[in-house]
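Open the model in your viewer and settle in for a short tour. We will begin with one definition, take in the whole chain, and then stop at a single residue.

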Amino acid sequence: MELKTLFSPKKIGNVQIKNRIVRSATFMFLAEKYGYVGERLFKMYEELARGGTGLIITGAAAMDPSAAGGPYQVCLYDDSHMAGHKKVVKLIHEYDDAKIAIQFNHLGRLGYHPKYPNYAPSPIPYKGTGITPKELTTEEVREFIKKFIDAGLIAYECGYDMVQLHAAHGYFLNSFISPYTNFRSDEFGGSNQGRTKILADIYDGIRDELGNQLPIIIKLQSQDFIPNGITEEEGIEIAKIISNAGFDGIEPSGGGRESIEFMKNTLPSKIIKKLEEENYFLPFAKKMKPFMRDCALILVGGIRNPITAEKILQEGDADFISLSRPLIYEPELPNRWIDGDLSPAKCISCNSCLEVMQEGPVYCVTKRNLEKRNI
Ligand SMILES: Cc1cc2nc3c(=O)[nH]c(=O)nc-3n(C[C@H](O)[C@H](O)[C@H](O)COP(=O)(O)O)c2cc1C
């Protein structure tokens, strides 16, 4: 079978992506101390670009000193960080027209920073740490909006092709859009429109400065999968608002540390029967696709098989497919498929990569074990 659509180019905003394969944002624990980008990340990104991925989204980067999850998370909020980022962008662009987006995140109520309180729209404790976050005043929310906008402008200066806001998995921006964590009575709370205002304001702020020069995409919570969280119906409504706000692409995801639905341990491809079981955000994508006009739908979650990926793209249920765990195992996966080996990704979604992420640099434990035994 020819993978005509999977390997055809398409634009996100004004940026042409050479194929439909996106590397979903993946925190690799590879920054140098205090969040600088150095040799280990240069090597990792170069491998991904060499492997044929069309658009690489970086791991979550801190857009403010209070945003990081530890000293080894990439930062980009002042001039001192820029040299490493510029070098990553240059390396990527040297590889057959690969493109790179930076993902910006703030851990919000899920944080554990020694110096800063956790910030959130409302003081709802996170059960994982027992910490009650600091509720932001309206003025402080505006200051955070400015921090995201400024980070977008620095990213543009570094040469990134686009930015992605992380508004999923329970972090800062997700906590604004979720009725589970946002009980505000000012303009940043209330209805779906109010709870998403922070996202629209960040979008508008970057657009006002840069026009269409820097596409802005978003990893967007489709459902929280917790009581009183975002329901599927609300998720659709929110996606509609975001698409109408002008965002250039939406990558729907869902769940978070309080419900790990975004990292489902799907069965290996060969024994999956239904497309929707393996590609677990596909049912949601199908519901949101009809109202997304100039906004690309980037489908993530359990995509392992190039033939089903092609089918999803051909049927118009998504514009791009996005992979995280498979590219940890096989950074060269897109080229393997281009070269005609259409067997599914070797990743078995065992989540061993997530386990080691708590301790240090991310790798696939399954792959390493197999290599050790020469299998
Ligand atoms: C080690 C690891 C780190 C991750 N880091 C991020 C991140 O920084 N930002 C993000 O939005 N998602 C992150 N994710 C989630 C992935 O982007 C993706 O949504 C999820 O793994 C499902 O896709 P997959 O089935 O292709 O792995 C991470 C996943 C893994 C395994």
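A polar contact here is a pair of N or O atoms within 3.5 Å, where one must be able to donate a hydrogen and the other to accept it. Keep that in mind for the last stops, and remember that this is a predicted model.

**Whole chain.** Show the protein chain as a cartoon: you should find 14 helices and 13 strands. The radius of gyration is 19 Å, close to the 21 Å that the globule rule gives for 375 residues, so the chain is as compact as a globular protein of that length. Along the principal axes, the C-alpha atoms fill a box of roughly 55 × 40 × 40 Å.

**Surface and charges.** Switch on the surface, about 15,400 Å² of it accessible, with 51% belonging to carbon and sulfur atoms. Underneath, buried residues make up 59% of the 375. Now colour by charge: there are 45 positive and 48 negative side chains, and the centres of the two sets lie 4 Å apart.

**Ser 322.** Next, select strand E13, residues 320-323, and pick out Ser 322 within it. Is Ser 322 buried or exposed? Its relative accessibility is 1%, so Ser 322 counts as buried.

**Its neighbours.** Show the residues around Ser 322: those it touches include Val 22, Arg 23, Ile 298, Leu 299 and Gly 301. Which side chain makes a polar contact with the side chain of Ser 322? That partner is Glu 251, at 2.8 Å. Finally, select Ser 24, whose backbone nitrogen lies 3.5 Å from a polar atom of the Ser 322 side chain.

Note on methods. Residues are numbered from 1 along each chain as its sequence is written. This is a predicted model: local features need pLDDT of at least 70, side-chain atom pairs count only at pLDDT 80 or more; totals for chains, interfaces and linings use all residues. Side-chain values use heavy atoms; hydrogens and water are left out. Helices (H or I, at least four residues) and strands (E, at least two) are DSSP runs, numbered from the N terminus. The radius of gyration is taken over C-alpha atoms; the globule rule is 2.2 Å times the number of residues to the power 0.38. Buried means under 20% relative accessible area, exposed over 50%, partly exposed in between (1.4 Å probe, protein chains only). Accessible areas come from the Shrake-Rupley method with a 1.4 Å probe; for residues, only the protein chains shown count as cover. Lys and Arg count as positive and Asp and Glu as negative; His and the chain ends are not counted. The place of a charge is taken as NZ of Lys, CZ of Arg, CG of Asp or CD of Glu. Contact means heavy atoms within 4.5 Å. Lists of a residue's contacts leave out its neighbours within four places in sequence.
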